[in-house]
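Biologist: Let's go through this model together. I will ask why each label applies, and you justify it.

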Amino acid sequence: MTEDLRAAAAEAVKASRAADDPDYPLIHVAPPVGRLNDPNGLLIDDGVAHVFFQYTPMHGSRRLVYWGHATSRDMLHWVQHEPAIVPDSFYDANGAYSGNALVLEDDERATAPHEARYQLFYTGNLKDEATGERTASQCLVTSQDLLSFTKLSSNPLIATHAPGYTAHFRDPQVTRDPEAPGTYRMLLGVQRTNETGAALLYRSTDMLSWHLDGEMTFPDADGCLDTLGFMWECPGLVRLTDEVTGQEQDVLIWCPQGARPEGPGYENVFPCVYAVGRLTGNELRQCDGTVHEVDRGFEFYAPQVFARRPSQPGPPLLMGWVGNAGQDDQPSTATGGWVHTLTVPRTLSLRAGRLIQRPLLPEPAALPLPPGQERGEALRLLAGHRTWHLVLCAEESTGTVEVRIGSEADGVVIELDAGQGFLRVDRSATRYTHHGARRTVEIDRQVPPRLEVVHDRSVTEVFVGDGDLAFSMRSFIDPAADGATVTVWDGARLLSAQASVFD
């Protein structure tokens, strides 16, 4: 008898203790039960945000990956739905892996599969029980209403990896090709047979038949990216306008597993980086090989940009996974039977070729600053609240602004040293057990001394300047702790404080 995987997931949700866990976030997407990882199929249509995500609802040895589904009209309050994709077909029997969404206009639907507005592309994972050999195929699910979902009867679209590459062949991003109207472009993360990472480009006119154009190349990078890491996961392209030059640039965001470039950073299990250029055909031109990490925090991976239909434009928005591979043994597994979250949505921009990320949250209200704060006296804020957004602006100086979440015995300390040009984060006193207790990140001294903290029970995101630096982490502090303590040191002086609370 074939197992009903959808019913099994529903039973797991029914028995879930996640909502009663004091660490379960209020404004971040988290799984209703079990494990969450990569964001998938992010889209906004008719004012509703749909977030799909890698989702393993069953515990123990059952590691079957579904696509979970949550929606929101304000990007703050999320409603969980039944899984959108269940791994119950011959080509995805060992998991429905990452991919993206395409939202079609009415004229595009006439020639689209099932004439559906929503096309969800993903990687089907199949493992031969006898040999252990894996097959990765690229597949399609369609939906008319994002309530019911239909797997294409002719799946898979691309049945196996291309010659010259291994079965590490996954994570499609399908978009309209701006160079060829009526044509669609699929970007795939792959591993060459020599165990180096790359990205492949396929193209199609009907989203059904795909032909391989070849690898994405970097003609101006002098070979810098040719052997960066052993596998490229979750590649995605987004076109952004530079706030300084006004030029449109293509930003490639991807996760080169095993990459260890020279220079600071890259402390996490696997990095997530970006490079800037202009895609022409398969060439990312004007890219000199320079890469930067998207987020310098302890946990961040596999981000994705929301899709929209062209007639409903909006700012580019990104969400990422606040997690790392192999780090599932977290306090919430025992207390609530769930693990991992996504970031809050972030608006994206470029400034002089660097990625700018700003949290998409309501404008916070001004807080009064009592006399004496500039002399280093501790300022207690947001008492009684465990989910909040705090923005602090300091006078340009040589001093330090410190935010402490929780107590000295059980908390997180965030320090912005404007004079020396450093962000320091210490979570060594928390209940988080994995590597990465302390981290110091160098920042440009020209960046304004502005510190923005989004804290939601057990997850914290930090932004420095005007979106110049992002730093994501899990922050399991005492559930009885609330609010934040702000202190300035060494001549620093606060100019303003703003905050919002969400609990």
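Biologist: Leaving aside neighbours within four places in sequence, which residues is Lys-151 in contact with?

Modeller: Bear in mind that the model is predicted. The residues in contact with Lys-151 are Ile-85, Val-86, Pro-87, Asp-88, Ser-89, Tyr-91, Asp-92, His-114, Tyr-122, Leu-140 and Val-141. Lys-151 itself is found in strand 8, residues 150-151.

Biologist: What makes the pair Lys-151 and Asp-88 a polar contact?

Modeller: The two side chains are joined at 2.8 Å. The cut-off is 3.5 Å between N or O atoms, so a pair within it can count, given a donor and an acceptor. Asp-92 also makes a polar contact with the side chain of Lys-151, at 2.7 Å.

Biologist: Why is strand 8 called a strand, with residues 150-151 alone?

Modeller: A strand needs a DSSP run of at least two E residues. Strand 8 covers residues 150-151, so the run qualifies.

Biologist: How do you know that strand 10 and strand 11 pair?

Modeller: Pairing requires at least two bridges. Strand 10 (residues 184-192) and strand 11 (residues 197-204) have eight, so they pair. The sense is antiparallel. One of the bridges puts Val-190 with its partner Ala-198 in strand 11.

Biologist: Which sheet holds these strands, and what are its edges?

Modeller: An open sheet of four strands, in the order 9-10-11-12, with antiparallel pairing. Strand 9 (165-176) and strand 12 (211-215) are the edge strands, as each pairs on one side only. Neighbouring strands are turned by 25° against each other on average, direction ignored.

Biologist: What makes strand 24 an edge strand in the six-stranded sheet?

Modeller: That open sheet runs 24-35-26-31-32-33, with antiparallel pairing. Strand 24 (365-367) pairs on one side only, and so does strand 33 (469-474). The twist averages 20° from one strand to the next.

Biologist: How many bridges join strand 24 to strand 35?

Modeller: Three bridges, with the strands antiparallel. Two would have been enough, so the pair counts. Leu-367 stands opposite Ala-497 in strand 35.

Biologist: Why is Ile-253 said to be buried?

Modeller: Ile-253 belongs to the largest nonpolar core, which has 43 residues. Core members must be buried, which means under 20% relative accessible area, so Ile-253 meets that limit. Ile-253 is also among the residues that touch the most other members, with Val-29 and Phe-306 included in that group. Beyond four places in sequence, Ile-253 touches residues including Cys-234, Val-273 and Leu-318. A second, separate core of 35 residues includes Val-401 and Ile-414.

How values were computed: Residues numbered from 1 in each chain as written. Predicted model: local features only at pLDDT ≥ 70, side-chain atom pairs only at ≥ 80, totals over all residues. Heavy atoms only, no water. Axes fitted to C-alpha atoms, helices over the stretch in contact; angles between N-to-C directions. Contact = heavy atoms within 4.5 Å. Core = buried A, V, L, I, M, F, W, Y, C linked by side-chain atoms within 4.5 Å. Buried < 20%, exposed > 50% of the residue type's maximum accessible area, 1.4 Å probe, protein only.
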